[in-house]
Every structure is written in structure tokens, then in C-alpha cells.
Amino acid sequence: MRSPVYVLVDCNNFYASCERVFNPELNGKPVVVLSNNDGCAVACSKEAKALGIKVGTPIFECKGMMEGHDVRIRSSNYTLYGDMSERVMQILMGFTPEIEIYSIDEAFLRLDGLAHKDFLSYGKTIRAKVQRWTGIPVSIGIAPTKTLAKLANRYAKKHPETEGVFDLREEDSRKEYLQKVDVSDIWGIGFQYSKLLKKYSINTAWELSQAPMTWLRKNLTVKGLRTAWELKGFPCISLEETREAKQGICSSRSFGRPVKTLRDLQEALSSYASIGAEKLRSEHSVASIIGVFLGTNPFKSEPQYSNYYSANLAFPTAESSLLIHVALRSLQKIFRTGFSYKKVGIFLFGIVPERDSSPNLFGQFYQGSKSQTLMETFDQINQRMGRDTLRFASSGISNEWQMRREYLTDKFTTNWQELLEIVS
DNA sequence: TCTGGGGTCCTAGGACCC
DNA sequence: TCTGGGGTCCTAGGACCC
């Protein structure tokens, strides 16, 4: 059996790097990209991190740190990041057929199937190509397991002398390295587990790898057990090259300002239902249950209310208008006047592939119906002409409830009207 | 109603990830 | 004033069955 070589390719400060590609003036400056509604920092350039700004903190808490440092703030532009991600992944696919796209900015590769055996120099080639073709800097970790590849990647990011590529395959040198890694920095060990581990004096990755297996099984479930074996160098988590269809789809946003009227909630909900339906169709799936939820802002000291209602559909479908209709009817049932709402959204459940759906008792069905043809045309037009070219009237026009995006850059790569202009 | 071991299915909730 | 939006997996416990 060939011994596995896992490689994690991770884009450095991905969203901030994307912003820089289209605005080189940001190079060398602290850049912070905000979450939806311009709430928290979700990506920071290394200059921003150096100021003490941490990913996940509300931006209003960072005011003091930013003062006088010429910090450049951007609202998140997922259309741009999604497109840049696709370009990076395309390049990686050119290096090996064994690839798992793990998130928008990360991919696991397996290289042991290749004829090439000098993995360190291969890693440097990958890194240079992604940089040259997309402008995005990446870091690369190489190891016998995914968990170790994650750690190797982290080391490459933190140590410039590695030139962005670090290899943890050598077993003899691993112990010394693992002794320096805090348990909370291990993939799969979050806040609660690291608190528990530290209570039992398990402080480093090395100590976790040596911990009694029965204790781990009992307290951290099989997942903790797998992590420990992976740290020892035995692969327990394999590459997931094909992604299963999602089990549930959720579409929801917080509002930019408090929403009080049923009408605004209806508009917002209808547009989220429409987004959910699009996600469903992009996976060639249909859903049979739709849930609707709404809630006030729990951070505020004002009357609180939240509720949830779910409805079974007469037959599994991916038709936007039908899903919108049922969602709005459900909203009627849980809406109460007199509250300031912060959030509304939908869940889709009972998801099965389109081709597995069959007509119900009354002969109603989605696959092969006129509504399916309509939806396909709808999606094609929006794909070609830009999202929201066609939309549903129930989503409204003015959209006062829209999320805040004060610092948004253009969709440089996906919209003809917003291409980058070079002025000489 | 009680007795008992063994099984399945479902749901809620908790942990984690980016 | 301002606090993201998606997901996954696992377990415990209850309901129910024989």
C-alpha cells in the first residue's frame, strides 16, 4: 500500500487578498473585510492582525486599534470571492485528480498517486502557479494525515523562512513540533474540548496524541479518537472527493435595520426562499419540507420574540414560486405585531435528488413538469445576465430591509458593468 | 400492572468547521 | 449605533416494538 501524502492548500487571508488583487494600492496596508451587515471582521491582512484586530470581533470594538493606522475596510463581496475561489480550485485540479474542495479558500490534495516524488518542490510549484495566475498567495502543508497537514499549513503561514510550504512527513522531527502546538490549535478541537483537555493537563498536540484512547472515546466521542490517531500519523479521515447533496439548506440574513412590518418581512422572506430554491436547483435536488423562522435581536434589551413553523409540501419541488407561496403562508402563522425583528429565514428539508422524486397520490410532480422548464430558463437567464436580472415581485423593489454594505467594491470578474478600468 | 433484554427510529442538543 | 451565515457529525434519551 502506498503511504498517503495529504496536502492542504489554503489561501492566505483570502477575502483580504481578493480585494488586493483588484486594488494593489491596498498592498502593505492593513485591510479588514467585514461580515454581512458590516458587523464583524471576517478576514484581516497580516498588517491588520498586527494591530490586534482579530477575526470574529465586532468592528465597533476595534475602533481604538484602528485609529491613525490608515486601515482599509471592505464589506464582504461574496460574488467576487466565489469567482476567485473557482479560479484557484481550477488550477489545483490541474495538479492532481485527487482533490477535496474543503471550503471557499481551502483544498486537500493527495499526491502519493503521482510519479513526482519530491513533494516539497512540487508544493512550491503549486504555490507559484496559483500566485502568478490569480494573484492570490497560498500556504501549503504536507503530511501523512489531514489533521497533520492542517498543522503543517499553519506552520508554513507563520514562518516566512518556509517560503509558504512545510513538510511534516518526517516522523522523527514531528514530536518536537507537536510539543509546541497548543491543543486549541488542532483541527477538530474547539473551545469546549480544549477547556476540558486542559483541565486534565493535556495541553499540547503531542500530549493529545499520547492520551488514553478509552478516555478520549468517552469524553470527545469518536471524533476526538480519530484526531488523536491522525496526530500519530495514522490516517482516519479520508479525502471526500465527491460532495453529497446537502441534507438541509438554510437561507437567512440579519437586517440592516430593525424591521417591524409584515410587508417588509414578506419581501425579505420571499427573496430568501428564492435563494434557497436556487441552491436546491443547483444541486439538482427537490425538497419536501420548508421551515420558516423569525426573531428579534437578542443583544438588545427590548421585547423578545422568536418562532418557527414548518410545512410539508404536497410533493417535493424546487419551484421558487411554490416555495415562496408556502413560506409566506407560514410566516402569517408566526408573525406577531409590536416587535422589532432582526432576522427571518427559511430551511429546506427532505431533500432528495430530482430523479428520485415521484408523483404524489394526485399525480402532482416536479421533474419533467412545465415549472421545471420554467425554472431552468429562469436560472439560465440569471447566470448569463447576472444574479437578480429576473426576480419575483413578492421580493419587493425598494428593499429597505437589505443588509448594510457600506464599503462594497465592484464585482470585477462577474459583471460586465463592473470590470476593472485601467486609467493611464 | 408488573416483569426483562434487545432492538429500531426519531429528535434535540451539543460539539465542531469555515 | 454596531454583534455573520452557512454547514456537518455525534450522542443521549425517549417512544415504541417484540
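Start with DNA strand B in this predicted model: 13 residues surround the strand, and Ser103, Lys150, Gly188, Gly190 and Tyr193 are the closest. A residue is near a strand here if one of its heavy atoms lies within 4 Å of it. Look at what the protein faces on this strand: of the atoms of DNA strand B that come within 4 Å of the protein, 100% are sugar and phosphate.

Now zoom in on some polar contacts (pairs of N or O atoms within 3.5 Å; within protein, one must be able to donate a hydrogen and the other to accept it, and residues adjacent in sequence count only if both atoms are side-chain atoms). Lys150 puts a polar side-chain atom 2.7 Å from a phosphate oxygen of DNA strand B. Gly188 uses its backbone instead, with a polar atom there 2.9 Å from a phosphate oxygen. In the side chain of Asp105, an N or O atom sits 3.2 Å from a sugar or linking oxygen of the strand.

Which elements supply this surface? At least two residues each come from β5 (99-103) and α8 (191-199), and α8 gives the most, with three residues. Helices (H or I, at least four residues) and strands (E, at least two) are DSSP runs, numbered from the N terminus. By class, the surface near DNA strand B has six nonpolar, four polar and three charged residues. For these classes, Ala, Val, Leu, Ile, Met, Phe, Trp, Tyr, Cys and Pro count as nonpolar, Asp, Glu, Lys and Arg as charged, and the others, Gly among them, as polar.

Follow α8 away from the DNA and you meet α10. The axes of the two helices are 11 Å apart, and α8 and α10 pack at about 155 degrees. That makes α8 roughly antiparallel to α10, since angles under 35 degrees count as roughly parallel, over 145 as roughly antiparallel, 65 to 115 as roughly perpendicular and the rest as oblique. Axes are lines fitted to C-alpha atoms, for helices over the stretch in contact, and angles run from 0 to 180 degrees between N-to-C directions. Tyr193, Leu196 and Leu197 of α8 make the contact with Trp215, Asn219, Leu220 and Thr221 of α10, where contact means heavy atoms within 4.5 Å. Five of these residues are nonpolar, two are polar and none is charged.

On to DNA strand C. It has 26 residues around it, and Cys250, Ser252, Arg253, Ser254 and Lys342 come nearest. Of its atoms within 4 Å of the protein, 82% belong to sugar or phosphate and the rest to bases. Side-chain N or O atoms reach phosphate oxygens of this strand from Arg217, at 3.2 Å, and from Lys343, at 3.3 Å. Two or more residues each come from α10 (213-232), β9 (249-259) and β12 (341-349), and β9 gives the most, with six residues. This surface holds seven nonpolar, nine polar and ten charged residues.

One more helix pair is worth a look. The axes of α11 (residues 262-282) and α12 (residues 320-334) come within 9 Å and cross at roughly 140 degrees, so α11 and α12 are oblique to each other. Among the residues that meet are Leu265 and Leu269 in α11 and Leu323 and Ile324 in α12. The contact residues divide into eleven nonpolar, five polar and one charged.

A few housekeeping notes: residues are numbered from 1 along each chain as its sequence is written, and chains are lettered from A and ligands numbered from 1 in the order in which they are written. Local features need pLDDT of at least 70, side-chain atom pairs count only at pLDDT 80 or more, and totals for chains, interfaces and linings use all residues, while side-chain values use heavy atoms, leaving out hydrogens and water.
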